[in-house]
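Colleague: I'm new to reading protein models and would love some help. Could you walk me through this one, feature by feature?

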Amino acid sequence: MDRQALLSVEDLRVEFWTERGTIYAVNGVSFDIAAGETLGIVGESGCGKSVTSLAILGILSRAGRVVGGSATFEGRDLIGLSDDELRTIRGKDIAMIFQDPMTSLNPVLTIGRQIREALETHFGMDRKQANKRAGELLDRVGIPSANARLRDYPHQFSGGMRQRAMIAMALACEPKLIIADEPTTALDVTIQAQILNLLRELVRERDTALILITHDLGVVAGMCERVNVMYAGMFMETGSAVQVFARPRHPYTVGLLQSVPRLDAVRKTALNPIEGNPRDMLQPPQFCPFAPRCRYEVEASRQEVPPLEQIEPGHKVACFNPVPAEEWQRMKDAVVAR
Amino acid sequence: MSVAQVEAREVQLEAPSGLWSDAWRRLKHNPAAIVGFALVGIFLSIAIFAPWIAPEDPRSGDLSRLGGACCPGPSADYWFGLDQQGRDVFSRIVYGARYSLLIGIVSVSVGLSVGLVFGSIAGYFGGWIDSIIMRMTDIMLSVPGLLLAIGIVAALGQGLWQIMVAVGVTQIPIFTRLLRGSILATREADYVLAARSVGVPRRLILSAHILPNSISPVIVQGTLALATAIIDVAALGFLGLGPQDPATPEWGTMLTDTTRYLQTAPHLALIPGVAIVISVLGFNLIGDGLREALDPRFRGRG
């Protein structure tokens with residue numbers, strides 16, 4: 001990192017205390033993000049991606065507890081702050097965009113009212129000022145006749161428009177960091193591209209940092225400078241987008257990339273899913289969490305948790321037996337080349 | 001239809017918005033609910049305009065009118081006949097609507113307001129407060145409602161306001177439990193999380209986000225509870241725990257007073273019975289219609 005970190009997460013651990021036992025959702029995650037940077041967190045469902053972001057904002061559900069680590073934002077550790085202190089940061093300095101625009105807007109309040117909420121909370125704007133600003137925001141995210149539509153209710157908006165409205169809400173107070181949790185998963189492909197372009201523009205305009213959480217490798221490849229691959233609440237591989245996508249070294253990353261359909265494949269090749277099921281999170285990891293599904297496992301994989309170690313500048317892998325650097329290129333060539 | 005007309009229609013369909021106008025639009029297209037509104041409308045206007053509708057004083061009768069027989073049935077002079085004390089039954093039914101309505105509304109308001117407070121506290125704060133409140137409601141619900149009401153009337157003494165309190169108290173646990181469950185579901189909604197992520201203060205989250213989205217089953221229950229309250233009041237009256245003054249034209253009391261004449265003058269029991277059924281049916285139909293109209297799964301349609 002040459003730029004100064006805006007948010008620095010160090011060894012974050014989150015547990016959920018449920019009737020079935022303790023769920024070890026996040027098991028020591030660390031990353032830095034600087035202003036203007038876009039960071040991707042990729043992984044399959046239930047790997048702890050969303051929980052990480054909720055923990056940073058202090059809005060985990062009741063059962064969730066941050067049991068260790070820190071999240072330093074502009075010199076302040078967010079983890080120890082009281083809810084009242086966090087509330088002055090949430091929405092104002094760090095904002096979040098949620099996955100499902102269908103359920104993330106309150107059905108009984110107008111769109112305008114919901115955008116105004118942040119402005120009134122953080123800037124003490126009166127209704128008139130806030131309404132004016134809300135109109136500008138809706139206009140900025142590309143909703144036609146924005147001022148008139150402030151009075152609409154969410155069910156009068158289409159999915160794409162709702163996601164735009166959600167983005168307008170997140171932008172309301174010009175936050176320094178936006179966390180977008182699967183912002184395009186619930187949308188169809190053409191709308192996805194529009195929303196991603198919009199996010200990209202907005203981030204560039206104000207030098208906003210963006211954490212993009214997704215299971216969609218294509219989205220990450222197109223948007224992010226740095227990528228973290230997450231599995232069972234841990235980062236398996238981190239690096240620049242080029243490093244992770246062109247020279248993946250962790251067997252899980254390779255598996256993820258292999259399971260994506262390729263348009264440039266010559267013949268109809270069968271997709272290559274990762275065998276087995278995601279790890280049951282009721283135990284803290286005692287050895288490599290991916291080992292039971294891994295073709296590359298070695299003896300050490302079943303004995304201890306692999307540390308995240310640097311294998312080239314800026315590229316780290318948590319694996320005792322990383323996939324050879326040229327392996328992925330060979331696999332790709334086998335499918336594409338004749 | 002021309003294209004312009006179709007467009008105009010679509011615009012018109014889209015124009016009104018909001019939870020309540022939406023619900024109202026759907027309610028208007030529900031025939032059962034319309035019947036319910038009509039029945040309740042009749043019931044309300046009879047209760048309000050009782051002194052102008054009733055031809056006679058419902059409390060005092062004239063035994064000489066009975067002519068030795070009990071009891072004359074419906075006639076042109078006395079539409080619903082005369083009762084055992086020579087009172088005009090029609091007038092008594094008309095005034096009885098007032099009592100049923102008054103007791104119904106007051107007791108439901110008692111149950112609803114207390115239930116709302118306890119339900120919101122239990123649902124939103126959870127933890128030990130929730131446990132205590134829910135165990136209390138469990139205890140209250142384990143006693144049959146009518147039995148509880150009888151017990152309260154027995155403890156407080158007979159009288160109009162005692163009945164209202166008794167019926168109201170029996171309604172508290174239903175509203176509490178209903179709102180708590182509804183809040184528990186809403187509390188975990190994505191938009192509540194989204195509101196928290198924006199830094200909205202807690203009380204605003206409860207009042208602007210959680211309550212408005214949790215309240216509709218309570219409103220439905222409110223109309224249904226009015227029906228139950230009317231029945232409970234009649235039942236209390238029937239069991240001899242009605243208003244102190246035996247001359248009070250309360251429907252349930254009228255039923256009891258006439259059981260002795262069931263063989264010779266069944267209309268004396270039938271008429272207040274029908275009055276109870278019709279008013280209860282009206283509130284039930286409205287309640288069912290409201291439930292459908294407020295169901296979020298149907299929102300944005302119709």
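Modeller: Let's begin with strand pairing in chain A, keeping in mind that this model is predicted. To see how two strands are joined, look at the bridges between them and at the direction each one runs. Here S1(A), residues 5-18, and S2(A) run antiparallel and are joined by eleven bridges.

Colleague: Which residue of S2(A) is the bridge partner of A:Arg13?

Modeller: That partner is A:Asn27.

Colleague: In what order do the strands of the sheet lie?

Modeller: The order is S2-S1-S4-S5 in chain A, four strands in an open, antiparallel sheet. At the edges are S2 (21-34) and S5 (76-77) of chain A, each of them pairing on one side only.

Colleague: And chain B? How many helices and strands does it have?

Modeller: Chain B has 13 helices and zero strands. Read along the sequence, its pattern is therefore just α repeated, α-α-α-α-α-α-α-α-α-α-α-α-α. Its C-alpha trace spans about 80 × 65 × 30 Å along the principal axes.

Colleague: How do I read burial and contacts for a whole chain?

Modeller: Start with the shares. Of the 302 residues in chain B, 44% are buried. Then take contacts between residues at least 6 apart in sequence: in chain B, 71% of these join residues at least 24 apart.

Colleague: Can we try one residue? Where is B:His267 placed, and why does it count as partly exposed?

Modeller: B:His267 belongs to helix H13 of chain B, residues 267-294. B:His267 counts as partly exposed because it has 19 C-beta neighbours inside 10 Å, while a buried residue needs 20 or more. Leaving out residues up to four places away in sequence, B:His267 touches B:Gly73, B:Pro74 and B:Gly81. For a comparison of sequence and space, take B:Leu147: B:His267 is 120 residues from B:Leu147 in sequence, and their C-alpha atoms are 29 Å apart.

Colleague: Last topic: the place where the chains meet. How is that described?

Modeller: The size of an interface is often given as the accessible area lost when the parts come together. Here we can count residues: 24 from chain B are in contact with 29 from chain A. On the chain B side, the elements giving two or more residues are helix H9 (190-197) and helix H10 (202-214). H9(B) provides the largest share, seven residues.

Colleague: What classes of residue make up that side of chain B?

Modeller: The side of chain B that touches chain A has twelve nonpolar, eight polar and four charged residues.

Terms used
Residues numbered from 1 in each chain as written. Chains lettered and ligands numbered in written order. Predicted model: local features only at pLDDT ≥ 70, side-chain atom pairs only at ≥ 80, totals over all residues. Contact = placed C-beta atoms within 7 Å. Nonpolar A, V, L, I, M, F, W, Y, C, P; charged D, E, K, R; others polar. Buried ≥ 20, exposed ≤ 12 C-beta atoms within 10 Å, placed from the backbone. Pairing = 2+ DSSP bridges.
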